[in-house]
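Please work through the following exercises with the sequence and the model side by side. Each task is followed by a solution that goes step by step.

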Amino acid sequence: MSSFSGVSIVDGYDRCYCKTSAVEAGTDSGYHLLMVNGYSRTKKEKPTGMSITSSRVFVVGGHAWLLEYYPNGKNPNCADFISLCVQGDGKVNARISFSLVDQVEKQMPMYIRATNRACRFVDSHGNVLWGINKFLKRDALERSANLKGDSFTIRCDIMVCKDPSTEDPEVLLSDMDRHFNILLQTKVGADVTFEVSGETFSAHRCVLAARSKVFMTQLFGPMKEGTTTSGVIHIKDMGANVFRALLRFIYTDSCPEIEKDFTEEAEEMSQVLEEGQEDETIEDEMWLQWLQDLFVAADRYDLQRLKCICEMQLSDNIGVRSVMSTLALAEQHDCQGLKEACLKFIQVQSSSCLQTVTATDGWDHVVSTYPSVLKELVVKLGSNQQK
């Protein structure tokens, strides 16, 4: 069981107080909370590359750790993001992840969201760090419900592996996802074939049914979708790249095409639209369209975790040209959180940006299909006039 190792509190004045609690000897996993109070001041006072570091170490797995918080990113490539790092013993082998935690229920695992695994690296001073340069876009945090009273909380989970010199650390970590991915790629024992946009995919009925109630019904129930005499199931209204990501998630419970937004190797994929910016690249637009389609596919096959991941990514990457299409999806698929994020984004735009929003095809679609959403938007824009 993961043990609580204390709280580090950033007070907004370049100070970080650490209140630790004892962790049982031999405990190999624990979590530490970073409470950022006075977020706006930390953003103003700390330029890119400058961090606020916990004043005292906390202990997990018999090793000492320090947290580093970069309100304006660790380097210029992630200047629009919050970066997070943990400094530890260079000899330790560990898995570390960061997540936003709801303020009220911050110690209840069910409220942990947006978990991202940190990458291990060595800095120029020889310090061993685990970090995520692009943990969260600042404007996404500022639009979200996680920022309350100019404060938010981050949870850092650490799982320490045993001494690699005495025992293989990989044995301690679950590799079920890797084995299932091999099963998907090698197609050994595959007993069902799908055709999607001209491409064929082989899979295993029992795996699909175990992960999706919709697949359970389609593959083992009376309802069968588009099955031909050859046994091939035709999936309509879906791209092959979307179905490929859907299958990968079903088998591995991960979707690297989304998660790479938080890795060093694909930082260029993270440069999505800023508030008011009108220069979305073709690559950005293609990625966003793919993400929207994956969101629809996750809802179609009742993969709630994947749908939630897509919803969070869509909330974090709202732009003036995409906000209305995302808003339409949120309304169609009953995602209140995503809908509120879209409405709030529109509410704070300048007049010139609002003109860009109203010129998109998504605007026309919402106006004609969801007039009630347009009324909500008018109310929110009207509230701006009263302030």
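**Exercise 1: a charged pair**

Asp 299 is partly exposed, with a relative accessible area of 25%, where buried means under 20% relative accessible area, exposed means over 50%, and partly exposed lies in between (1.4 Å probe, protein chains only). The model is a predicted one, in which local features need pLDDT of at least 70 and side-chain atom pairs count only at pLDDT 80 or more, whereas totals for chains, interfaces and linings use all residues. Residues are numbered from 1 along each chain as its sequence is written, and side-chain values use heavy atoms, with hydrogens and water left out.

Task: find which side chain meets that of Asp 299 in a salt bridge, and decide whether this partner is buried or exposed.

Step 1. The rule asks for a side-chain nitrogen of Lys or Arg within 4 Å of a carboxyl oxygen of Asp or Glu. Behind it stands the idea that side chains of opposite charge can pair when their charged atoms come close.

Step 2. The partner is Lys 307, with a distance of 2.8 Å from N to O.

Step 3. Lys 307 has 9% relative accessibility and therefore counts as buried, while Asp 299 is partly exposed.

**Exercise 2: two salt bridges of helix H2**

Task: state how many salt bridges the model has, and describe what the pairs Glu 142 with Lys 43 and Asp 139 with Arg 143 connect.

Step 1. Counted by the rule of the first exercise, there are nine salt bridges.

Step 2. In one of these, the side chains of Glu 142 and Lys 43 come to 2.8 Å, N to O. Glu 142 belongs to helix H2 (residues 138-143) and Lys 43 to helix H1 (residues 39-45), so this pair ties together parts that are 99 residues apart in sequence. Helices here are DSSP runs of H or I with at least four residues, strands are runs of E with at least two, and both are numbered from the N terminus. Glu 142 is partly exposed at 31% relative accessible area, and Lys 43 is also partly exposed, at 28%.

Step 3. The pair Asp 139 and Arg 143 has an N to O distance of 3.6 Å, and its residues stand four places apart in helix H2, which means about one helical turn between them. Here Asp 139 is buried at 13%, and Arg 143 is buried at 9%.

Step 4. A network of salt bridges, in addition, links Arg 211, Asp 253 and Arg 305.

**Exercise 3: the nonpolar cores**

Task: identify which residues of the largest nonpolar core touch the most other members, and which helix gives the most to this core.

Step 1. A nonpolar core is a set of buried Ala, Val, Leu, Ile, Met, Phe, Trp, Tyr and Cys residues joined through side-chain atoms within 4.5 Å.

Step 2. The largest such core has 59 residues, and Phe 194, Leu 208, Phe 243 and Leu 306 are those that touch the most other members. Helix H7 (residues 240-252) gives the most to this core, with nine residues.

Step 3. Leaving aside residues up to four places away in sequence, Phe 243 touches Phe 194, Val 196, Phe 201, Phe 215, Ile 235 and Met 238, a contact being heavy atoms within 4.5 Å. Another core lies apart from this one and holds 31 residues, including Phe 58, Trp 65, Ile 96 and Val 160.

**Exercise 4: the cysteines**

Task: explain why Cys 308 and Cys 335 form no bond.

Step 1. A disulfide needs a pair of cysteine sulfur atoms within 2.5 Å, and the count by this rule is zero.

Step 2. The cysteine sulfur closest to that of Cys 308 is in Cys 335, 8.7 Å away and so too far for a bond. Cys 308 is partly exposed at 36% relative accessibility, whereas Cys 335 is buried at 5%.

**Exercise 5: where to read with care**

Task: find which stretches have pLDDT under 50.

Step 1. pLDDT is the predictor's confidence in each residue, from 0 to 100; the protein averages 79, and 75% of the residues score at least 70.

Step 2. The value stays under 50 over residues 20-26, which have 13 contacts beyond four places in sequence in the model, and over residues 164-171, with five such contacts.

Step 3. Where pLDDT is low, the predicted coordinates should not be read in detail.
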